[in-house]
Amino acid sequence: MGRKALPRALMRTVKILVVEDDVRMAGLLRRGLTAQGWQVDIVGEGSTARVAVLSQPYDAVVCDIMLPGRTSGLDLCRQVRRAGVWTPFLMLTARTAVEDRVAGLDSGADDYLTKPFAFTELVARLRALVRRGEVERPAVLTVGPLSLDSVRHEVTTDQGVLDLTAREFALLEYLMRRQGEVVTRGDMLDNIWDYAYDGLSNVVDVYIGYLRRKLRAHGLESMVRTIRGVGYRMDPPEQPAAAVPADARV
């Protein structure tokens, strides 16, 4: 059974755990994050980090994927998730291949950042994760005939597999996790893109369009509904009205 999160109002200071074995990088992160007014703990290997995350209420974890010893950053995140703890994880990686980034997200991480990175972007992404807080995320989501498996990174319908890009997958997952709720464009920018875009940017609408075209091929375009002037909502597809028998008509 997972550790129960403390109410945010009872936490006076944002508390960040940095899991980084490079002493210089760890020092830079400590100084920069402390300057934001946050409390920062540093550990240099995965097994110690696991004990820390499972025993203390951190607001977020910044974790290098490549760690010494037998527990990598990906292993650490998987172990924490299996224990039922959903502290947001921001993974740091020197690898730029899409497969490596997908592996990080599939391990249960919430976001990733490729080294070298701008410190201002790191802070912006952490702020977005802290705002989101600890939200349990089941591995498999189902809305109507649509099923999303976040571990296998696969979306299926009763007509087969839906072929999505990484960004389209993240957008669909976010909408499915908030099924029935109206999600604003700002929500999606904060939680999927994570750092500041121009407030007039139509990037969300563009990707909603991409997603709808792929859903259309499976007859499910209507599941992503536009709430005019507000944003979007994910609903199960409408059921066709039952036919009225001819002999019942008047």
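Q: When do two strands count as paired?
A: They pair if DSSP finds at least two bridges between them; strands are DSSP runs (E, at least two residues) and helices are runs of H or I, at least four residues, both numbered from the N terminus.

Q: And what kind of model is this?
A: This is a predicted model, where local features need pLDDT of at least 70, side-chain atom pairs count only at pLDDT 80 or more, and totals for chains, interfaces and linings use all residues. Residues are numbered from 1 along each chain as its sequence is written, and side-chain values use heavy atoms, with hydrogens and water left out.

Q: OK, the sheet with β10 in it. What's the strand order?
A: The order is β10-β12-β11, in an open sheet of 3 strands with antiparallel pairing.

Q: Which strands are at the edges?
A: β10 (183–184) and β11 (224–227). Each has a single partner strand, so one side of each has no neighbour in the sheet.

Q: How many bridges join β10 and β12?
A: β10 pairs with β12 (residues 231–234) over 2 bridges, in the antiparallel sense.

Q: What's opposite T184?
A: G231, which belongs to β12.

Q: New topic: Y174. Where is that?
A: Y174 is in helix α6, which covers residues 166–177.

Q: Buried or exposed?
A: Y174 is buried, because its relative accessibility is 14% (buried is under 20%, exposed over 50%, partly exposed in between, with a 1.4 Å probe and protein chains only).

Q: What does its side chain touch?
A: The side chain of Y174 has a polar contact with the side chain of R178, at 2.5 Å. A polar contact is a pair of N or O atoms within 3.5 Å; within protein, one must be able to donate a hydrogen and the other to accept it, and residues adjacent in sequence count only if both atoms are side-chain atoms.

Q: And how far from Y174 is D187?
A: Their C-alpha atoms are 9.7 Å apart, and the two residues are 13 apart in sequence.

Conventions
Contact = heavy atoms within 4.5 Å. Axes fitted to C-alpha atoms, helices over the stretch in contact; angles between N-to-C directions.
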